[in-house]
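Trainee: I am new to this structure and would love a close look at one part of it. Could you start with a single sheet and then walk me outward from there?

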Amino acid sequence: MKGLRRTLTTAAIGAMAVNSLMIGGAAFGADVVPSSLQVKEFRYLDKELDRISLEKTGEPDGTRDGHLSLLIDAGEGAEIKSIVMKTADSKGVDTGHGIWTTWKEPSDIGKYLLAVEHDGKTINTTFKQTLGQFKGINQFDLYASDNNSMKDGEYYYLEITTSAGVIKSDVRPYVNAETSYAPVLIREFAWADLTQDKIGSAAFGEDGSPDGHFKLKLAFAQKTKVLSVILRPTDKDGKEVSAGIWRTNRAGVGWLLGLVQGNKIINPEFNKDVTAPVGSFRGSVALDLYANNNGSIKNGQHYVIEVETQFGTVISQPVEFGNKDSIHRDSTVFPFKTISLKLNAKEAAVDEKSAKLDVAPFSLDGRTMVPLRFISEAFGAKVDWNKKVGKVTIAKDDSKIELTINKKQAFANGAVVQLDSPAITRNNVTLVPVRFVSESLKMKVFFDEGEIFITDAKEQ
């Protein structure tokens, strides 16, 4: 169990795409094969979301998934037939602690699903014989449901099968992330009392036993979808103990954690759809939490609260029930900005301030194109336009990008980058692939059902 996470305090993920373009694709202990596909970067990112089960996406199973990132260069084009992730030691020797794959034969036993997302869209909702054709630079998010091997000391590597052969990545370690991209802060979490009877094990209503009552105050930097809230018993250091679990959704085991905002009960019972979010919130939110007492809610027991959003999860420090001095408080100032856009819509927002675009974001050949000047200037970047040669220069802090309209060759911090979709103009507005420009400027991009979120994360 992690301790308190700071929110959005680093842009390490966003810097990955450009910096890694100069890294060779040779793997640690790799089997070298003739192929136009190169692995540019593979790394473990976090374990913050519960999106999949061992065999299917869209089925939270109560355990958070390993989240990994893969950056490839498919050159002029390559078919990715399958991606397999295996465990190894630090020297690359297989340990046999787990195999996650995008495809397996029906007779295969002991292999789990490796879900692949590309620009926010899931490619394989379950095991699939081929992931499709890819060209140029592509970034993938990989999700692997935890089989109890997503922990300190574990290493992972990929075997990517193409029509030309198998490419093997470096081995990369598990990383117990200390940061989260969730735009929410747990301002206060505290125990309240053990005197009220408001909730049963699966729905609100009296059942004859007093409930654990907690107080929670949250601050949201923007309108944010809360997927679940979890109350977890721990020891004084935040390490999980086996004394039950209370959650707002019925993914895995546990009792209902009831949320009340003012006089409104947010979740009267477990929703039949385990993927249904708790709701969307913005600004400051105060909640009362009620947990049916299974006998383990008592003075001296410690608890943490976990708030899972579509961006990631934030976790409080442990709070000791019955100790009036044991309260989690966080007065951190949000150290970031967030832009929200929507495909084919001119409405946008920078944090909570609304904006109107001259040209709406749209999809072109599988790439999401966004207005360059709006994105850049919203984050304080300087944009220069050389009309004579059709060249755009964007500078922010120590980052510099140079693009030429309708040309696939660009420059990022002096390095040549080949774009699979060049910058274009529409109605005198320059548009670029969102992932390239945002990550070149050390920002992070999220996709959610047609919505695009770009977050500026600065180190504190």
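Mentor: Happy to. Let's begin with an open sheet of four strands, which follow one another in the order S27-S28-S35-S34 and pair in the antiparallel sense. Strand S27, residues 362-364, and strand S34, residues 424-426, stand at the edges with a single partner strand each, so one side of each has no neighbour in the sheet. From one strand to the next, the twist averages 40°. Please keep in mind that this is a predicted model.

Let's look closely at one edge. S27 pairs with strand S28, residues 367-371, over three bridges, and the sense is antiparallel. One spot to find on your screen is Leu-364, which stands opposite Arg-367 in S28. As background, strands of a sheet pair through backbone hydrogen bonds, either parallel or antiparallel.

Now move along the chain to another open sheet. This one has five strands in the order S29-S30-S31-S32-S33, and the pairing is again antiparallel. Its edge strands are strand S29, residues 382-386, and S33, each of which pairs on one side only. Here the twist averages 20° from one strand to the next. At the S29 edge, five bridges join S29 to strand S30, residues 391-396, and the two run antiparallel. Within that pairing, Asn-386 has Lys-391 in S30 as its bridge partner.

At the other edge, strand S32, residues 409-412, pairs with S33 over four bridges in the antiparallel sense. Phe-411 is matched by its bridge partner Val-416 in S33. S32 and S33 form a hairpin with two residues between them, and Asn-413 in the turn has a positive phi of about 55°. In a regular strand, side chains alternate between the two faces of the sheet. Strand S33, residues 415-418, has a covered face made up of Ala-415 and Val-417, and an uncovered face with Val-416 and Gln-418.

From S30 we can step into the interior. Ile-394 is one of the residues with the most contacts inside the largest nonpolar core, which has 32 residues; Ile-339, Leu-341, Leu-403 and Ile-454 are also in that group. Leaving aside residues up to four places away in sequence, Ile-394 touches Leu-372, Ser-376, Ala-381, Lys-382, Val-383, Ser-399, Lys-400, Ile-401, Leu-403 and Leu-441. Another core, of 28 residues, lies apart from this one and includes Phe-189, Ile-266, Val-285 and Ile-305. In general, nonpolar side chains in soluble globular proteins tend to be buried together.

Next, let's visit an open space. The second largest pocket holds about 430 Å³. Its lining has 19 residues, and those nearest the centre are Lys-223, Arg-282, Ser-340, Glu-451 and Phe-453. Strands that give two or more residues to this lining are S15 (211-234), S19 (279-291), S24 (336-342), S25 (347-350) and S37 (451-457). S15 contributes the most to the lining of the second largest pocket, with four residues.

Two of those strands lead us to a loop. Asn-344 lies between S24 and S25. Asn-344 has a positive phi of about 65° although it is not a glycine. With a relative accessible area of 64%, Asn-344 is exposed, since anything over 50% counts that way.

Two other asparagines are worth finding in loops. Asn-148 is in the loop between strand S9 (137-145) and strand S10 (155-162). Asn-148 is not a glycine, yet has a positive phi of about 80°, and its relative accessible area of 57% makes it exposed. Asn-263 is in the loop between strand S17 (255-261) and strand S18 (264-265). At 84% relative accessibility, Asn-263 counts as exposed. The C-alpha atoms of Asn-263 and Asp-288 are 9.8 Å apart, with their positions 25 residues apart along the chain.

For a last stop, turn to strand S2, residues 38-49. Ten of its twelve residues are buried, so S2 is largely enclosed by the rest of the structure. S2 is joined by eight bridges to strand S3, residues 65-73, and the two run antiparallel. There you can pick out Glu-41, which stands opposite Leu-71 in S3.

Technical notes
Residues numbered from 1 in each chain as written. Predicted model: local features only at pLDDT ≥ 70, side-chain atom pairs only at ≥ 80, totals over all residues. Heavy atoms only, no water. Core = buried A, V, L, I, M, F, W, Y, C linked by side-chain atoms within 4.5 Å. Buried < 20%, exposed > 50% of the residue type's maximum accessible area, 1.4 Å probe, protein only. Contact = heavy atoms within 4.5 Å. Pairing = 2+ DSSP bridges. Axes fitted to C-alpha atoms, helices over the stretch in contact; angles between N-to-C directions. 1 Å grid on protein atoms, 1.4 Å probe; cavity = no way out; pocket = protein on both sides within 12 Å on 5 of 7 lines; lining within 4 Å. Points joined across faces, edges and corners; volume = space filled by probe spheres on them.
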